[in-house]
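Please find below my notes on the model you sent, set out point by point. They keep to what can be read from the coordinates.

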Amino acid sequence: MMNEALKKIISEGKDLTLNSQDVKKGSIFIAIVGLEFDGRDFIEEAIKNGASAVIYESANYSKNKAWNVPSFGIENLNQKIAEIAELFFQNPSQSIKVIGVTGTNGKTSVVGWLQQCFSSLNQSAGSIGTLGSGEKNLKKTLNTTPDTIALNRILNDFKKKGIQYAAMEVSSHAIKQNRIANIVFDIKVLTNVTRDHLDYHKTLANYQKIKKQFFSDGECKNFILNIDDCIGQELLMEVDWSEKNLTTYAIDVQADLMAQNIVYKDRKMMFDLLYKDKAYNLSTNVFGTHNVYNILGVIGCLLTYQFSIDQIIKAIELLKSIPGRNEIIQVSKEGWPRVVLDYAHTPDALKNVLQSLRAISDNEIILLFGCGGNRDKGKRRKMALVANEYADKVIVTTDNPRYEDPLEIIKDITKNITTSHVVIESREQAIKKAIGMMEENSILLIAGKGHEQHQEIKGIKYQFSDKDIALLELGGIT
């Protein structure tokens with residue numbers, strides 16, 4: 001519990017920040033102990049930069065120097081930041097319909113398409129996630145789900161602008177680290193749960209448990225679940241839904257929303273939407289069965305807000321691809337994808353996008369991919385096996401090697417590659433080589449980095465864009 005003096009300091013502060021470099025005159029600096037840095041080491045810097053008060057983690061800390069601003073030591077400060085942010089920003093999530101989307105894959109697409117649909121329906125909506133935050137021109141965020149203070153600041157800005165809806169990605173890290181504590185969610189959505197982030201969660205069971213926790217925390221009443229997913233099925237059985245508004249969606253099992261007869265025709269993906277014993281034909285500008293699931297999740301949210309099925313279908317038909325997600329950067333003469341950019345960096349995501357390309361065409365598929373350093377090494381073998389099954393030719397290259405030796409990462413991949421492949425360490429040269437390998441009817445998938453504008457090597461983020469390099473090379477040969 002916070003004492004009255006601290007509450008007064010917080011309510012009168014001009015800003016809150018966890019970063020001493022962001023401190024301005026009148027800011028309150030919160031010094032937490034993080035995974036990489038101890039914020040208490042930067043208290044003096046924060047005060048020099050104009051901090052009006054300091055709140056610091058008191059456990060295992062001896063304050064041996066007087067500071068000329070009010071200071072408050074709190075034990076287990078990380079667990080109290082949500083309360084501090086709620087007091088300072090006056091809980092803006094209570095004034096906005098916040099939709100939280102979690103899952104291994106599909107979060108960015110569902111959030112982005114929700115925002116697009118709301119816009120088509122003449123509703124004001126903001127988004128928060130991997131691509132950034134905002135309405136139209138998204139501002140970069142440090143994490144998929146920002147820290148508690150940054151998240152409340154964004155929602156507070158939405159509130160001031162009169163934004164009605166906020167669709168946000170909810171990562172497993174954010175759930176475990178309590179970044180979303182005290183956020184009032186109006187709808188919670190599950191896309192799917194497959195293998196990811198085991199470098200952090202250690203086991204798949206731990207990761208699944210954290211994802212499921214999102215659906216038991218808080219007072220949310222509206223839920224959208226993919227019940228073709230095993231965790232969706234478990235939630236369906238384990239949670240008491242009697243006093244909740246639950247909408248299920250699926251392709252393979254009986255659900256409230258279903259998709260059938262997925263076909264590709266006239267440069268479109270079409271399918272039948274089954275809802276309340278009626279079938280509606282949908283035509284979309286995106287492709288892939290995995291995106292059918294994402295669209296069903298979006299439809300579930302819009303139905304929850306009482307938009308008519310006819311309104312929703314019109315909005316879905318206007319959807320545009322999300323940057324770096326099945327993004328087509330060159331089309332064939334027939335109008336089908338020829339060069340595709342995708343963020344796929346998990347075995348399941350890579351399988352999904354490759355399967356979607358196979359559904360469109362029997363032509364040769366060239367796959368370019370790598371794996372991130374200092375992350376779950378088990379994914380490397382699994383992604384190699386996916387490449388063997390679905391790609392005709394493979395170029396193995398770097399992704400974000402971080403602090404690992406790029407060649408060691410490549411070695412972990414290639415020892416499991418059995419299909420025709422080459423190794424090119426430089427990602428730029430690999431992209432150029434891949435484009436040069438293409439025949440008239442080839443399809444090239446550049447996987448792993450998607451929208452990212454950098455490549456991280458030995459702690460340094462270098463400017464790097466798969467899309468820019470590919471477009472430049474394509475421009476030189478067309």
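The points below take up charged pairs, one helix and its surroundings, two buried residues, backbone angles and aromatic rings.

1. Please keep in mind throughout that this is a predicted model, and that the distances, angles and accessibilities quoted here are computed from it.

2. On charged pairs, the count of salt bridges comes to 19, and helix α1 offers two that can be read together. The side chains of K7 and E4 meet in a salt bridge with an N to O distance of 3.7 Å, and those of E12 and K8 do so at 2.7 Å. K7 and E4 are 3 residues apart in helix α1, which spans residues 4-12, and so are separated by about one helical turn; E12 and K8 are 4 residues apart in α1, which again is about one helical turn. As for their surroundings, E4 is exposed with a relative accessible area of 58%, whereas K7 is partly exposed at 29%. In the second pair E12 is exposed at 52%, while K8 counts as partly exposed at 48%.

3. Is the salt bridge partner K449 buried or exposed? The side chains of E452 and K449 form a salt bridge of 2.8 Å, N to O, and K449 counts as buried because its relative accessibility is 1%, under the 20% cut-off. E452 is buried as well, with a relative accessible area of 14%. Elsewhere, salt bridges that share partners join K377, R380, E404, D412 and K415 into one network.

4. Helix α14, residues 406-414, deserves a paragraph of its own. Its buried residues include P406, I409, I410, I413 and T414, and they lie on the same side of α14 because they cover an arc of only 130° around the axis. Which elements cover these buried residues of α14? Among those that do are strands β17 (365-369), β18 (393-396) and β19 (420-423), together with helix α13 (378-390). At the start of α14, a side-chain oxygen of D405 comes to within 3.0 Å of the backbone nitrogen of L407.

5. V340, in strand β16 (residues 337-342), is a buried residue with a relative accessibility of 0%. Leaving aside residues up to four places away in sequence, V340 touches F287, N326, E327, L357, L444, L445 and I446. The C-alpha atoms of V340 and R325 are 8.7 Å apart in space, and the two residues are 15 apart in sequence.

6. H173 belongs to helix α6, residues 172-176, and is buried with a relative accessible area of 19%, a value that lies under the 20% cut-off. With residues up to four places away in sequence left out, H173 touches R179, H197, Y200 and H201.

7. Two backbone angles may be worth a look on your side. Most residues other than glycine have a negative phi. N76, however, has a positive phi near 55°; N76 lies in the loop between β4 (71-74) and α3 (81-89) and is partly exposed at 48% relative accessibility. R267 likewise has a positive phi, of about 65°, although it is not a glycine. R267 sits in the loop between β12 (257-265) and β13 (268-275), and at 55% relative accessibility R267 counts as exposed.

8. Turning to aromatic rings, the count of aromatic pairs comes to 13. F118 and Y165 form a stacked pair, 4.1 Å from centre to centre and with 15° between the planes. This pair links distant parts of the chain, since F118 is in helix α4 (residues 107-120) and Y165 is in strand β8 (residues 165-169), 47 residues apart. F118 is buried with a relative accessible area of 1%, and Y165 is buried at 7%.

9. Which residues do ring pairs link into a cluster? The cluster is made up of F185, F214, F215, F223 and W241. One of these rings also has a charge for a neighbour: the charged end of K188 sits over the ring of F214, 4.4 Å from its centre.

Notes: Residues numbered from 1 in each chain as written. Predicted model: local features only at pLDDT ≥ 70, side-chain atom pairs only at ≥ 80, totals over all residues. Heavy atoms only, no water. Salt bridge = Lys/Arg side-chain N within 4 Å of Asp/Glu carboxyl O. Helix = DSSP H or I, 4+ residues; strand = E, 2+ residues; numbered from the N terminus. Buried < 20%, exposed > 50% of the residue type's maximum accessible area, 1.4 Å probe, protein only. Arc of directions from axis to C-beta. Contact = heavy atoms within 4.5 Å. Polar contact = N/O pair within 3.5 Å; in protein donor to acceptor, adjacent residues only side chain to side chain. Phe/Tyr/Trp six-rings, centres within 6.5 Å; stacked < 30°, edge-to-face > 60°. Lys NZ or Arg CZ within 6 Å of the ring centre and 35° of its normal.
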